[in-house]
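Subject: Structure handover

Hello,

Here is the structure I said I would pass on. The sequence and the coordinates come first, and my notes follow.

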Amino acid sequence: MSYLLFRSTSGPKQILAAMPIEIIYRVAPEDWAVSVKSNSEEIPVFSWRKTGWGSSPELGQAITIRDAFDAVKSPSDALSFLSHSGPFRYVRGSVSWTVFQGWQAFFRNQRIKGVRSTQTPQWVDGDELDHIVGNPKIKIDITLKAKVPLAKVWIECASVVEVIAASIFVEQLKGVKIRICPWCQRLFEPQTKRGTYCGHACAHSAGQKRRRSGT
Ligand SMILES: [Zn+2]
């Protein structure tokens, strides 16, 4: 018997239908304490630690977390974000405002250029690497006993960084193309091929400015 038989590339291929991937991140913000101090260069450093096991964790919405993270503009925004988000990173207990902004720029770049075309920041640690290079551990659970076999596919996340990376990974699997709005700098998914601005308000403001400056 020849093992070459197993390597045959002809014949029907068995292909499974696309299955939705769920992003699982369970967090109880009440169980986490967040504090802020400055380092020697006077840059705010945010720390988080688990202070309790009292609350039952709820499932966070990956896209909501990612958008809220991207909307952070100041250290006080960051503090309020981190007070609701649970651990920012799994392997570390703190992040400086500079590195926080670095993560923002990194994830924005990934959404525009693609997960595999973005250089990995030097501060990445442990399991984070697999998540941010588009190689997260995808778990699958199949029920064969049901009339129609059921499959559940999910990515389990332990931190904000992992959740955002997973949401970008899924976005890119879906083939979503992202643009930057030239007026408000927000990232958006264009509804038409020619959509330049994120919405009517930005298109309108940019149009007014053009008319005022006569260009
Ligand atoms: Zn805009």
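The notes below go through the domains, the two sheets and the helix packing.

Please keep in mind that this is a predicted model.

Domains

The domain assignment splits the chain into domain 1, residues 3-176, and domain 2, residues 177-215. Taken over C-alpha atoms, the centres of domain 1 and domain 2 are separated by 29 Å. The contact between them involves 5 residues of domain 1 and 5 residues of domain 2. On the domain 1 side, helix α3 supplies the largest share, with 3 residues. By class, that side of domain 1 has 2 nonpolar and 3 charged residues, and no polar ones.

The antiparallel sheet

One open sheet has 3 strands in the order β3-β4-β6, and the pairing is antiparallel. β3 (32-38) and β6 (94-96) are the edge strands; each has a single partner, so one side of each is left without a neighbour in the sheet. On average, neighbouring strands here are turned by 20 degrees against each other, direction ignored.

The pairing of β3 with β4 (residues 44-50) is antiparallel and runs over 7 bridges. Within it, W32 stands opposite K50 of β4.

Two helices lie across this sheet. Helix α2 (residues 75-85) lies across β3 and β4 and runs at about 5 degrees to β4. Helix α3 lies across β4 and β6, and its direction is at about 85 degrees to β6.

The mixed sheet

The other open sheet to look at also has its strands listed in order: 3 of them, β1-β8-β7, with mixed pairing. Here β1 and β7 stand at the edges with a single partner strand each, so one side of each has no neighbour in the sheet. The average turn between neighbouring strands of this sheet is 30 degrees, direction ignored.

The mixed character can be followed pair by pair. β1 (residues 21-24) pairs with β8 (residues 150-156) in the parallel sense, over 4 bridges. I23 has I155 in β8 as its bridge partner. β7 (residues 138-143), in contrast, pairs with β8 in the antiparallel sense, over 6 bridges. T143 stands opposite L150 of β8, and a hairpin of 6 residues joins β7 to β8.

Helix α5 lies across β1 and β8 of this sheet, running at about 170 degrees to β1.

Helix packing around α5

Two packed helices are described by the angle between their axes and the distance between the axes. Two helix pairs that include α5 are described here in that way.

How are α3 and α5 oriented to each other, roughly parallel or roughly perpendicular? The axes of α3 (residues 97-113) and α5 (residues 160-173) come within 10 Å and cross at roughly 10 degrees. That angle makes α3 roughly parallel to α5. The crossing of the two is right-handed. From α3, the residues W103, F107, Q110 and R111 take part, and they meet V161, I164, I168 and E171 of α5. By class, the contact of α3 with α5 has 5 nonpolar, 1 polar and 2 charged residues.

The second pair is α1 with α5. Helix α1 (residues 62-70) packs against α5 at an angle of about 110 degrees, with the axes 9 Å apart. α1 and α5 are therefore roughly perpendicular to each other. α1 contributes A62, I63, I65, R66 and F69 to this contact, while α5 contributes V160, V163, I164, A166 and S167. By class, the contact of α1 with α5 has 8 nonpolar, 1 polar and 1 charged residues.

I164 of α5 appears in the contact with α3 and in the contact with α1.

To pull the threads together: α3 lies across β4 and β6, packs roughly parallel to α5 and gives 3 residues to the side of domain 1 that touches domain 2. α5 lies across β1 and β8 and is roughly perpendicular to α1.

Regards

Conventions
Residues are numbered from 1 along each chain as its sequence is written. This is a predicted model: local features need pLDDT of at least 70, side-chain atom pairs count only at pLDDT 80 or more; totals for chains, interfaces and linings use all residues. Axes are lines fitted to C-alpha atoms, for helices over the stretch in contact, and angles run from 0 to 180 degrees between N-to-C directions. Angles under 35 degrees count as roughly parallel, over 145 as roughly antiparallel, 65 to 115 as roughly perpendicular and the rest as oblique. A crossing is left-handed if the near helix is turned anticlockwise from the far one by less than a right angle, and right-handed if clockwise. Two residues are in contact if their C-beta atoms, placed from the backbone, lie within 7 Å. Ala, Val, Leu, Ile, Met, Phe, Trp, Tyr, Cys and Pro count as nonpolar, Asp, Glu, Lys and Arg as charged, and the others, Gly among them, as polar. Two strands pair if DSSP finds at least two bridges between them. Domain bounds come from an automatic or database domain assignment.
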